[in-house]
Amino acid sequence: MKLHHKIVLVTGGNSGIGRAIALRAAAEGAHVAITGRASAKGAKVLGELQAAGALAAFFAADLGDETQAAKLVRAVAALFGHIDVVVNNAGAGARRAGRTIGKAHARQWRLARPDRHRSHRGIRGGGSKRILIRPHGRA
């Protein structure tokens, strides 16, 4: 098991690709924290992870808000002790909002893909990295 006892945080883990990544990480032996805005979806995926035998938790958060992203990291670290792997998958994309990348101006793009612009700073910044995210190269 490649991820045996590693702590994996999957943003956007309550549906789609994030859900699949979370389930695969669990199958590889990881302890999995997932986050998303939809609590009902999160609870469903949490149940799937736990049914697969994983130690798992769901955290409701909007990662377009840097404060919520920083709180997420602190909460995951408080529960699991640290974070080994972050899969920054959050952000539904411009297509769901009826926009395309070529036509979206910068503000729309930032709102449609907050993970690419702000949440990663909340996850890695503000001192969080040196305290919470273990800096080894491979999972």
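Q: What makes the strands E3, E2, E1 and E4 an open sheet with edges?
A: In this predicted model, 4 strands form an open sheet in the order E3-E2-E1-E4, with parallel pairing. E3 and strand E4 (85-88) each have a single partner strand, so one side of each lacks a neighbour in the sheet, and these two stand at the edges. From one strand to the next, the twist averages 15°.

Q: How do you know that E1 and E4 are paired?
A: Pairing requires at least two bridges between two strands. E1 and E4 run parallel and are joined by 4 bridges, so the requirement is met. Within E4, Val87 is the residue that stands opposite Val10.

Q: Where does H2 lie with respect to the strands?
A: H2 lies across strand E2 (31-36) and E3, and runs at about 170° to E3.

Q: Why is Gly13 called buried?
A: The term applies under 20% relative accessible area. Gly13 has a relative accessibility of 0%, and therefore counts as buried. Gly13 belongs to the loop between strand E1 (7-11) and helix H1 (16-27).

Q: Which residues are in contact with Gly13, leaving aside neighbours within four places in sequence?
A: They are Gly18, Arg19, Ile34, Thr35 and Val45. For Thr35, the C-alpha to C-alpha distance to Gly13 is 5.5 Å, while the separation in sequence is 22 residues.

Q: Why does Asn14 count as buried?
A: Its relative accessible area is 8%, and the limit is 20%; Asn14 is therefore buried. Asn14, too, is found in the loop between E1 and H1. Not counting residues up to four places away in sequence, Asn14 touches several residues, among them Arg19, Thr35, Lys41 and Phe58.

Q: What makes the approach of Asn14 to Ala38 a polar contact?
A: A polar atom of the Asn14 side chain lies 3.2 Å from the backbone oxygen of Ala38. The cut-off for such a pair is 3.5 Å, so the distance falls within it.

Q: How do you know that Arg19 and Glu48 form a salt bridge?
A: Their closest N and O atoms are 2.6 Å apart, and the criterion is a distance within 4 Å; the pair therefore qualifies. This salt bridge links distant parts of the chain, with Arg19 in helix H1 and Glu48 in helix H2 (residues 39-51), 29 residues apart. Side chains of opposite charge can pair when their charged atoms come close.

Q: Why are Arg19 and Glu48 called partly exposed?
A: The class runs between 20% and 50%. Arg19, at 30% relative accessibility, therefore counts as partly exposed, and so does Glu48, at 25%.

Q: What makes Arg24 and Glu28 a salt bridge, and is each partner buried or exposed?
A: The N to O distance is 3.1 Å, which satisfies the 4 Å limit. Arg24 counts as exposed because its relative accessibility is 55%, whereas Glu28 is buried because its relative accessible area is 17%. By this rule, the model has 2 salt bridges.

Q: Where in the protein chain is confidence lowest, and where is it highest?
A: The lowest mean, 40, belongs to helix H6 (residues 128-132), and the highest, 97, to strand E3 (residues 56-60). The chain has a mean pLDDT of 77, with 65% of its residues at 70 or more.

Q: Why should the contacts of residues 112-122 be read with caution?
A: Over residues 112-122, pLDDT stays under 50, although the model has 34 contacts for them beyond four places in sequence. Where pLDDT is low, the predicted coordinates should not be read in detail. Residues 124-133 also stay under 50, with 15 such contacts.

Definitions and conventions. Residues are numbered from 1 along each chain as its sequence is written. This is a predicted model: local features need pLDDT of at least 70, side-chain atom pairs count only at pLDDT 80 or more; totals for chains, interfaces and linings use all residues. Side-chain values use heavy atoms; hydrogens and water are left out. Buried means under 20% relative accessible area, exposed over 50%, partly exposed in between (1.4 Å probe, protein chains only). Contact means heavy atoms within 4.5 Å. pLDDT is the predictor's confidence in each residue, from 0 to 100. A salt bridge is a side-chain nitrogen of Lys or Arg within 4 Å of a carboxyl oxygen of Asp or Glu. Axes are lines fitted to C-alpha atoms, for helices over the stretch in contact, and angles run from 0 to 180 degrees between N-to-C directions. A polar contact is a pair of N or O atoms within 3.5 Å; within protein, one must be able to donate a hydrogen and the other to accept it, and residues adjacent in sequence count only if both atoms are side-chain atoms.
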